[in-house]
Amino acid sequence: MSATATPPLPDTGLPGATAPPAPSRRRRVTAWVAIAFVLLVVGGIGGAVSAANQWAQRGALDPDSSGPDGMRGIVEVLRDHGVDVVVARDRAAASEALEGGPASLVLPDAPALSDDAVAGLAGAADDVVLIEPRARTLDLLLPGSAPAGVAPGGADAASLEPDCEVQDAVRAGPVTPGGLYSAGDGTAACYPAADGFGLLVRTGDGGRVAAVDAAALFTNEHLAENGNAALAANLMGRHPLVVWYIPGLGDTDLADANPSLGDLTPPWVSPVIVLLLVAGVAAGIWRGRRFGPLVAERLPVTVRASETTEGRARLYARAGDPLHAADRLRIGALRRLATLLGLAANAAAPEIADAVAGRTGLDRRAVRGILLDEIPRSDADLVALSTRLRDLEDAARAAVRPERSPR
């Protein structure tokens, strides 16, 4: 009968123990591939959601925004009335769209453009509607006009009548304006409130320039109130084409514009930062702490009373505090005596001492001295007290259970 040779077991230091199997390399690679795949999927979903919501989440006064502060509602109203609305997000696109024929230009405040650039855009349009003008734009396109505060009462104020001869405002009826403006020479003013007006209109050279606070009247949140929608359609829809200009980041033509951090840094900085981040993550994965499998370790679950007593004794001896050590000895003795005599767990120390004296027949003052009153001054006194406590417990045990007494 032939014997089959078996390979020797690796030495692990324990008899009969076998080495745990090495983790499979294929399993580790599969785990990393799965993690990378999950990250790619999550990133792809996030990018798709961000791209899908890009147009619906634009900022305030944006013609493509459906939010409360957006102005997509008036754009849809204009298109329903046969007006073509072109949204231009840079100055070049706006200028090109204005060349297509009679058009109205909807112009928000553009602080990044010079006066010449603003005047050039306005000059290429037949009508200009300033939807949130500031002092510079007002003085440039409506000479002598300026901001004049806010209408009293805000959104809760009463509606105001046009009180002017501008037919577009008369047909629209009352509105509740937000920002107010003072009118320059030759400028018609409507919706008077306090020291200003809610609408300014200047006509000349076959064209017209109007200024109004669109944030309080023409946004999606307020468009259906009073005559807001009619006023917006009358001001913007006078021509078959509306060019809605949204200032872009690269539209500025100011020579002294403050450069951004991206303009001040070389083009290779951003790729290097990304590369360093990727390298840091890779180094963390490579050098990071790897936890192995759990190892069972047998620990003692019980400790002998003698070991605890000796340990505490060493601590008390090192501290040089016999009184504290005596208190610990007395507490233990009182607890055992109370149990032996059948007293309650919350029995006071004097009550236990009296019970011990009554049961053993010893002098009550002597028993109280052992259990309560005597103060050890040295280690010798502490040893003597320990002996007397032991003798007292033996006496109490003999009085309670004489059949078990060794004497």
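How many helices and how many strands does the chain have? Colour the model, which is a predicted one, by secondary structure, and the tally to look for is 15 helices and nine strands.

**The whole chain**

Before selecting anything smaller, show the surface of the chain, whose accessible area comes to about 25,700 Å², with 58% of that area belonging to carbon and sulfur atoms. Of the 407 residues that make up the chain, 30% count as buried. If you display contacts between residues with a separation of 6 or more, 61% of them join residues that stand 24 or more positions apart.

**The largest nonpolar core**

Next, select Met71, Leu199, Phe218, Leu231, Met236 and Trp244, which are the residues with the most contacts inside the largest nonpolar core, a set of 33 residues. To see which elements feed this core, add helices H2 (72–80), H6 (167–172), H7 (214–217) and H8 (228–236), and then strands E6 (188–193), E7 (196–204), E8 (207–212) and E9 (241–245), since each of these supplies at least two of its residues. Helix H8 gives the largest share, with five residues.

Keep Phe218 selected and look at what surrounds it: setting aside its neighbours within four places in sequence, Phe218 is in contact with Met71, Ile74, Val212, Leu223, Asn228, Leu231, Ala232, Leu235 and Met236. A second core, separate from this one, has 27 residues, and you can find it by selecting Leu105, Val118, Ala122 and Leu142, which are among them.

**A buried residue in a strand**

Stay with strand E6 and select Tyr191, which has its place in that strand. Is Tyr191 buried or exposed? With a relative accessible area of 1%, Tyr191 is buried. Its backbone also deserves a look, as Tyr191 has a positive phi of about 55° although it is not a glycine.

**Three loops**

For a second positive phi, move to Asp163, a residue other than glycine whose phi is near 55°. Asp163 is found in the loop between strand E4 (146–150) and helix H6, and it counts as exposed because its relative accessibility is 63%, where the cut-off for exposed is over 50%.

Now select Gly100, in the loop between helix H3 (91–98) and strand E2 (104–107). Gly100 has a relative accessibility of 66% and so counts as exposed. Add Leu241 to the selection and draw a line from C-alpha to C-alpha: Gly100 and Leu241 are 8.6 Å apart in space, although 141 residues separate them in sequence.

The third loop runs between helix H8 and strand E9, and His239 is the residue to select there. His239 is buried, with a relative accessible area of 15%. When residues up to four places away in sequence are not counted, His239 touches Val83, Pro102, Ala103, Ser104, Asp126 and Asp127.

**Helices H13, H14 and H15**

The last stop concerns helix packing. Two packed helices are described by the angle between their axes and by the distance between those axes.

Begin with helix H13 (residues 349–360) and helix H14 (residues 364–373), which pack at an angle of about 135°, their axes lying 9 Å apart. This angle makes H13 oblique to H14, and the crossing of the two helices is right-handed. To display the contact, select Ala349, Pro350, Ala353, Asp354, Val356 and Ala357 in H13, which meet Arg364, Val367, Arg368, Leu371 and Leu372 in H14.

Then hide H14, keep H13, and bring in helix H15 (residues 379–400), which packs with H13 at an angle of about 60°, with the axes 9 Å apart. H13 and H15 are therefore oblique to each other, and their crossing is left-handed. Which residues make the contact between H13 and H15? From H13, select Val356, Arg359 and Thr360, and from H15, select Leu392, Ala395, Ala396, Ala399 and Val400.

How values were computed. Residues numbered from 1 in each chain as written. Predicted model: local features only at pLDDT ≥ 70, side-chain atom pairs only at ≥ 80, totals over all residues. Heavy atoms only, no water. Helix = DSSP H or I, 4+ residues; strand = E, 2+ residues; numbered from the N terminus. Buried < 20%, exposed > 50% of the residue type's maximum accessible area, 1.4 Å probe, protein only. Contact = heavy atoms within 4.5 Å. Areas by Shrake-Rupley, 256 points an atom, 1.4 Å probe, with all protein chains shown as cover. Core = buried A, V, L, I, M, F, W, Y, C linked by side-chain atoms within 4.5 Å. Axes fitted to C-alpha atoms, helices over the stretch in contact; angles between N-to-C directions. Parallel < 35°, antiparallel > 145°, perpendicular 65-115°, else oblique. Left-handed = near helix turned anticlockwise from the far one by under 90°.
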